[in-house]
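Here are a few exercises on side-chain contacts and helix geometry, each with a worked solution. Have a go at each task before reading on.

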Amino acid sequence: MKIIKSGASGGAVNTEEELQAVNAFAKAELKEEDVYIFSVLLCDNDIDRDFERFSNETLKELSELFVGATGICDHEWKSENQVARIYRTELVCDTERKTADGEPYVFLKGFCYMLKTEANAELIREIDGGIKRETSVGCAVAKSVCSICGEEISLCAHEKGREYGGKLCFASLEGAVDAYEWSFVAVPAQRNAGVMKSMKEEALKKEASLGRRYLGELKKEVLRLCLTVDDKLYSALEKSVEYMDAEALISMKDAFNKRSEELFSPVTQLPGKNEVTDFIGDEYKI
């Protein structure tokens, strides 16, 4: 079963160790000024636009098969279309991120190199400029397993993309057989696949982590305010907030705050200058 799935790419870090790994594939010894090194997110374990995903075990198998794989454009298998090569791979687990079905997010990262030539100069500029971002992998797997019944999905009665008893049907791609190539494409099947900006990668990871933390706290605050305003809304809102972006959550938080102020406006303890009032005490609770 031949599979074509998509990914993403990024900028270069030419360390001595990276060059040693690159030179394992070169006949002549290459120096830092000779090569452009970048990384690509080849594929992951999240459910993609085709309602398919690679299992973690399949990603592990592909991590070995993709070492040495050629990078081309638009999956055109021509020798003159070869632009880069993967010299090593890394399987990365992002424990702070979940897939569509609630699993820890895992992706296969490929480290690639191309020669700094006049012919490649424009492609390198397009990668650095974010024009060439999306990538796609060509590989073969042994079977495509239905998430509902566990059978080969082409033989069972379930349909990818439909829900059965509240559970989404998708195909789990199992048993990596071969990795043909990876390619720059216009629209990847896997939403996250593509060029990764490696020069600022660590800074971006920290920013993303802080953003996710802020979003998590925002969701908690919205749910807390919901309980103070109308606890009957809580059960319905609890799941909905998981799919809201920061802007929507802030708007809902402001609305709940305003409603909370209306419902629980502060009681004036003193009536004002030259005014006399009877003290009953019902307004005060200890």
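Buried means under 20% relative accessible area, exposed means over 50%, and partly exposed is in between (1.4 Å probe, protein chains only). The model is a predicted one, where local features need pLDDT of at least 70, side-chain atom pairs count only at pLDDT 80 or more, and totals for chains, interfaces and linings use all residues. Residues are numbered from 1 along each chain as its sequence is written, and side-chain values use heavy atoms, leaving out hydrogens and water.

**Exercise 1.** Find which residue forms a salt bridge with R88, and state where the two partners lie.

*Solution.* Step 1: apply the criterion, a side-chain nitrogen of Lys or Arg within 4 Å of a carboxyl oxygen of Asp or Glu. A search of the whole structure with it gives 8 salt bridges.
Step 2: look at R88, whose partner is E18, with the closest N and O atoms 3.0 Å apart.
Step 3: place both residues, using DSSP runs numbered from the N terminus (helices are H or I, at least four residues; strands are E, at least two). R88 belongs to strand 5 (residues 84–98) and E18 to helix 1 (residues 16–23), so the pair links distant parts of the chain, 70 residues apart.
Step 4: check accessibility. E18 has 12% and counts as buried, while R88 has 27% and is partly exposed.

**Exercise 2.** Describe the salt bridges that K220 and E221 form.

*Solution.* Step 1: K220 pairs with E217, the closest N and O atoms being 3.8 Å apart. Both sit in helix 4 (residues 201–229), 3 residues apart, about one turn of the helix.
Step 2: E221 meets R224 at 2.7 Å, N to O. These two are also in helix 4, with a spacing of 3 residues, about one turn.
Step 3: add the accessibilities. K220 is exposed at 56%, and E217 is partly exposed at 48%. E221, at 23%, is partly exposed, and so is R224 at 42%.

**Exercise 3.** Does the end-to-end distance of helix 6 agree or disagree with its expected span, and which residues of the helix are buried?

*Solution.* Step 1: the expected span is 1.5 Å times one less than the number of residues. For the 18 residues of helix 6 (residues 246–263) that is 26 Å; the end C-alpha atoms are 25 Å apart, which agrees.
Step 2: the buried residues in helix 6 are L249, F256 and S260. They cover an arc of only 40 degrees around the axis, which puts them on the same side of helix 6; the arc is taken from the directions from the helix axis to the C-beta atoms.
Step 3: turn to the face pointing away from that buried side, where the exposed residues E247, K258 and E261 are found.
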